[in-house]
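Reader: Hi! Could you take me on a close look at the salt bridges in this model, one partner at a time?

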Amino acid sequence: MAEREIPGEYLEGYAQILEEVAATGRRLSRDELSSRRALGERAAEAGFGLRALVRTHLTATREVWPRGQDDSAEEALSAVQQAVDAFAEGYERAQRLAVRQEEAARREFIDDLLYGRSDLGRLAERAERFGLRLSHEHAVAVARGPVAYDEGDAVPRRVEQALNSRFGNRSILLTTKDGRLLCVAPGHQGEVLTHFAKQAHAATDGGQVAVGRPQSGAGGVVQSYEEALSTLEIAERLGLDDPVLHAAELLVYPVLARDRQAMSDLVHSTLGPLTSARGGAEPLLETLTVYFDSGCVAAETARRLALSVRALTYRLERIHKLTGANPADPAHRYMLQTAVIGARLLDWPAEQL
């Protein structure tokens, strides 16, 4: 692609400055330096490259270079240095301002996108600027680590570099929100979020990643994001330690938690009697939790709890006696297991129902 020609307006006054300096040996005045900075800012805002601008200045320097005045060469070189340095300073200042404005616009867009704010038409228009087409399906993956992360931190940069090196300019948005890493990708490109999960898990030293289901439209991004957040919360309450969790595979838990009052009633009526046991409900509730997590295999449950099989059998019998429900009986098992899941979701008995 041919490089755009630099208009003469960005060299305004430059030749005159050099001629005067060559003749008098003076340094550039404050006003002259300010004018160079202002021209540098204007050139940056117009989108011209700094290398081309510097090359244009050097070309102009050759044209007005003092001939046959050896004693003025040093002053001329000093003037060139001052002028180009001031010009570059203004250019860089404009670039930094543009970057800050871009970051602010990006952050505002991300906040509006994830909170479902702003006019949907306007949001979709802004989304295209960041590579997203909200008319299509998108899915969101959320990663949490041992510490909170901001966009400029090393961990998000490392993950972003890994995604860019593999997938290039696909419609991917990588950002941070509330200290977590987020990746928004087209719903049909599951390999993107799979790779993000792998990279984020490694970069966050074993952090956990949740992936929401693909959803359509601007509201779909919010839904997928909230699903991923809810999945992380459920994993924390249930003690799920899988490195990658998919909301689609854990839909039963949000369904169970949706009617809090009904779940509270189930936990209270089914497991409430365990509070009368010696030592409280916690040991027996833990026994049920591990028993169900172990596939109701007594030997494996005993191993995980560091108990003998006989001691485990005694605990299960005690639970049967207190609750009237036998954990080993398939007819009672579903109700007990659902109540145990509810207790973990509601943080019972630590929290009163």
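Author: Happy to; here is a walk through some of the salt bridges and their partners. This is a predicted model, in which local features need pLDDT of at least 70 and side-chain atom pairs count only at pLDDT 80 or more, while totals for chains, interfaces and linings use all residues. Residues are numbered from 1 along each chain as its sequence is written, and side-chain values use heavy atoms, with hydrogens and water left out.

A salt bridge here is a side-chain nitrogen of Lys or Arg within 4 Å of a carboxyl oxygen of Asp or Glu. By this rule there are 11 salt bridges.

Let's begin with Arg26. Its side chain meets that of Glu20 in a salt bridge, 2.6 Å from N to O. Arg26 also pairs with Glu32, where the closest N and O atoms are 2.8 Å apart. Salt bridges that share partners thus join Glu20, Arg26 and Glu32 into one network.

How do these residues sit relative to the surface? Buried means under 20% relative accessible area, exposed over 50%, and partly exposed in between (1.4 Å probe, protein chains only). Glu32 has 15%, so Glu32 is buried. Arg26, at 27%, counts as partly exposed, and so does Glu20, at 32%.

Another pair is Glu9 with Arg42, whose closest N and O atoms are 2.8 Å apart. This pair links distant parts of the chain, 33 residues apart: Glu9 lies in the segment before helix H1 (14–24), and Arg42 in helix H2 (residues 30–45). Helices are DSSP runs (H or I, at least four residues), numbered from the N terminus. Glu9 is partly exposed at 39%, and Arg42 is partly exposed at 37%.

Key:
Helices (H or I, at least four residues) and strands (E, at least two) are DSSP runs, numbered from the N terminus.
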